[in-house]
Amino acid sequence: ALVVHQDIGENVARVFEHLYEQGFVIEQVRPIRLFGGDDDASMAANNTSAFNCRQKASLRGFSTHSYGRAIDVNPLWNPYVRTKNGQQKVLPPAGKAFVGRTDDVGRIRHPSDVTRIFSLFGFQWGGRWRSVKDYQHFEWRKRNPPSQQERSALLSEAERTWRAEAKRHRTRRRQRAKRREK
């Protein structure tokens, strides 16, 4: 279960309902308390989580997770990446293998239906930030959300795109399986 601020609970439920309908893979969702509040352990387990009272990763102050207004999705497959003075820091460290943004299952890139769906419900994606790339991170930033009619039209378009991408993934998996059989 995801623990989020009550003000965004309905939007989060709708986001995950749409992701489920689209077939987006989320490896696991377990409360952060099962990891002893250890964000590093949760990320290493590729655990999708929300509320966790902790400091920001690269700045002073509390993370928006501390207020239940941020969600990390498949953090191993969608790592936090900061490059400073030519040195790259990747969290979790095993996420280094997933830094490149591909359209593999469970990974988030832009543009994609995952980023569009979160955006439609008032979230900003950390993968679009300039100073760091936080590919796992969606933060509540409600600013002039689309009307219900606009949202419905955009979700319908996203669903069509998602189905086409899923079909392409299935075809590639079958092709890879056939090559392995030879």
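Here are some questions and answers about the predicted model shown above.

User: Before we start, what sort of model is this, and how are residues numbered?
Analyst: It's a predicted model, where local features need pLDDT of at least 70, side-chain atom pairs count only at pLDDT 80 or more, and totals for chains, interfaces and linings use all residues. Side-chain values use heavy atoms, with hydrogens and water left out, and residues are numbered from 1 along each chain as its sequence is written.

User: How many aromatic pairs are there?
Analyst: Rings of Phe, Tyr and Trp (its six-membered ring) pair if their centres lie within 6.5 Å; planes under 30 degrees apart count as stacked, over 60 as edge-to-face and the rest as tilted. Going by that rule, the count is six.

User: What kind of pair do Phe118 and Phe123 make?
Analyst: A pair of aromatic rings is described by the distance of the centres and the angle of the planes. For Phe118 and Phe123 the centres are 5.5 Å apart and the planes stand at 90 degrees, so the pair is edge-to-face.

User: And what about Phe118 with Phe138?
Analyst: Here the ring centres of Phe118 and Phe138 are 3.7 Å apart, with planes at 10 degrees, so this pair is stacked.

User: Which elements do Phe118 and Phe138 sit in?
Analyst: Helices (H or I, at least four residues) and strands (E, at least two) are DSSP runs, numbered from the N terminus. The pair links distant parts of the chain, with the two positions 20 residues apart in numbering. Phe118 is in helix α3 (residues 113-120), and Phe138 is in strand β8 (residues 137-140).

User: Are Phe118 and Phe123 buried or exposed?
Analyst: Buried means under 20% relative accessible area, exposed over 50%, and partly exposed in between (1.4 Å probe, protein chains only). Phe118 comes in at 0% and Phe123 at 5%. That makes Phe118 buried, and Phe123 is likewise buried.

User: Which residues form the aromatic cluster?
Analyst: Phe118 and Phe138, both buried, belong to one aromatic cluster. Its full membership is Phe16, Phe118, Phe123, Trp125, Tyr135, Phe138 and Trp140.

User: Which residues touch the most other members of the largest nonpolar core?
Analyst: A nonpolar core is a set of buried Ala, Val, Leu, Ile, Met, Phe, Trp, Tyr and Cys residues joined through side-chain atoms within 4.5 Å. The largest one has 23 residues, and those touching the most other members are Val15, Leu19, Ile71, Phe118, Phe123 and Phe138.

User: Which elements give two or more residues to this core?
Analyst: In soluble globular proteins, nonpolar side chains tend to be buried together. The elements giving two or more residues here are α1 (9-22), α3, β6 (123-125) and β8.

User: In what order do the three strands of the open sheet run?
Analyst: Two strands pair if DSSP finds at least two bridges between them. β3 (70-72) and β6 stand at the edges with a single partner strand each, so one side of each is left without a neighbour in the sheet. The pairing is antiparallel, and the order is β3-β8-β6.

User: What is the bridge partner of Phe123 in β8?
Analyst: β6 and β8 run antiparallel and are joined by three bridges. In β8, Phe123 has as its bridge partner Trp140.

User: Which peptide bonds are cis?
Analyst: One sits ahead of Pro92, in the loop between β5 (87-91) and α3, and has omega near -10 degrees. Another comes ahead of Pro111, also in the loop between β5 and α3, with omega near -5 degrees. The bonds are Leu91 to Pro92 and His110 to Pro111.

User: Asn46 and Asn85 each have a positive phi; is each buried or exposed?
Analyst: Asn46 is in the loop between α2 (39-44) and β2 (47-48), with phi of about 55 degrees. Asn85 is in the loop between β4 (80-84) and β5, with phi near 55 degrees. At a relative accessible area of 0%, Asn46 is buried, whereas Asn85, at 73%, is exposed.

User: Which residue's backbone oxygen does the Asn52 side chain reach?
Analyst: Asn52 is in the loop between β2 and β3 and counts as buried at 6% relative accessibility. Contact means heavy atoms within 4.5 Å, and beyond its neighbours within four places in sequence, Asn52 is in contact with Ile32, Gly37, Asp39, His65 and Ser66. At 3.5 Å, its side chain reaches the backbone oxygen of Gly37.

Conventions. A polar contact is a pair of N or O atoms within 3.5 Å; within protein, one must be able to donate a hydrogen and the other to accept it, and residues adjacent in sequence count only if both atoms are side-chain atoms.
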